[in-house]
Amino acid sequence: MTTDTDTTGTPPAPSAERRSWLRDHSELGVCVLLMALGVLVLTDALTMDVDIAQRGPVSPRTVPIVVGAGLLLVAALLAVDVLRGGRGQAETGEDIDLSEPADWRTVLLLTGVFLGAAVLIEPLGFPIAGALLFWGAAFALGSRRLDRDPLIAAVISLVTYAVFNNLLGVPLPGGPLMEVL
């Protein structure tokens, strides 16, 4: 039979026991985050004004309600697993060298491309800003095919615009390009 004592023979303080329990169950923080996100999504979905956007039997509330309920369900299941002793496994399958520094050039290029697209979407419209976003992201991530990448980015942007604007009924700013077409 063993007892919890430190090297001096005294039992640990209650705050040390509490800290140890929290360290052993740190995944509960993820549960709290998922629960807060689920409550936020459900609250936003249930207070959404849908009269204007209602076009069929499925309302704009449907997907956020399903996502919010799913977040709450995952939070509850994860909490039960953690309290029963489940632990997250350490990642072992990554092929990265942790001794290498972060690639800040790529991160800054992607940030600049994203912010540039956000600024340009209103004056230029989604097709042009989206094409710049897709091409800029490909360039930032290492593609240097200047003969192919802008064309692929333009096609992806136009198809995305058409799907959202025409099929899904989500209006995106067309900009001057859509006035010409």
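In this predicted model, a polar atom of the Ser 157 side chain sits 2.7 Å from the backbone oxygen of Pro 127. The Ser 157 side chain also reaches a second backbone atom, the nitrogen of Ala 131, at 3.3 Å. Ser 157 itself belongs to helix H6, which covers residues 149-167. With a relative accessible area of 0%, Ser 157 is buried. Leaving aside residues up to four places away in sequence, Ser 157 touches Phe 126, Pro 127, Gly 130, Ala 131 and Phe 134.

Helix H2 offers another view of how the chain is put together. H2 takes in 19 residues, 28-46, and its end C-alpha atoms lie 27 Å apart, which agrees with the 27 Å expected at 1.5 Å a residue. Which residues of H2 are buried? They are Leu 28, Cys 31, Leu 34, Gly 38, Leu 42 and Ala 45. Looking down the axis of H2, these buried residues fall within an arc of 110°, so they line one face of the helix. An α-helix has 3.6 residues a turn, so residues three or four places apart point the same way. Turned away from the buried side of H2 is a face with the exposed residues Val 32, Leu 33, Leu 40 and Asp 44.

As for the chain as a whole, its secondary structure amounts to 7 helices and 0 strands. Of its 181 residues, 18% count as buried. The exposed surface of the chain comes to about 13500 Å², with carbon and sulfur atoms supplying 67% of it. Among contacts between residues at least 6 apart in sequence, 57% join residues at least 24 apart.

Note on methods
Residues are numbered from 1 along each chain as its sequence is written. This is a predicted model: local features need pLDDT of at least 70, side-chain atom pairs count only at pLDDT 80 or more; totals for chains, interfaces and linings use all residues. Side-chain values use heavy atoms; hydrogens and water are left out. Helices (H or I, at least four residues) and strands (E, at least two) are DSSP runs, numbered from the N terminus. The expected span of a helix is 1.5 Å times one less than its number of residues. Buried means under 20% relative accessible area, exposed over 50%, partly exposed in between (1.4 Å probe, protein chains only). The arc is that of the directions from the helix axis to the C-beta atoms. A polar contact is a pair of N or O atoms within 3.5 Å; within protein, one must be able to donate a hydrogen and the other to accept it, and residues adjacent in sequence count only if both atoms are side-chain atoms. Contact means heavy atoms within 4.5 Å. Accessible areas come from the Shrake-Rupley method with a 1.4 Å probe; for residues, only the protein chains shown count as cover.
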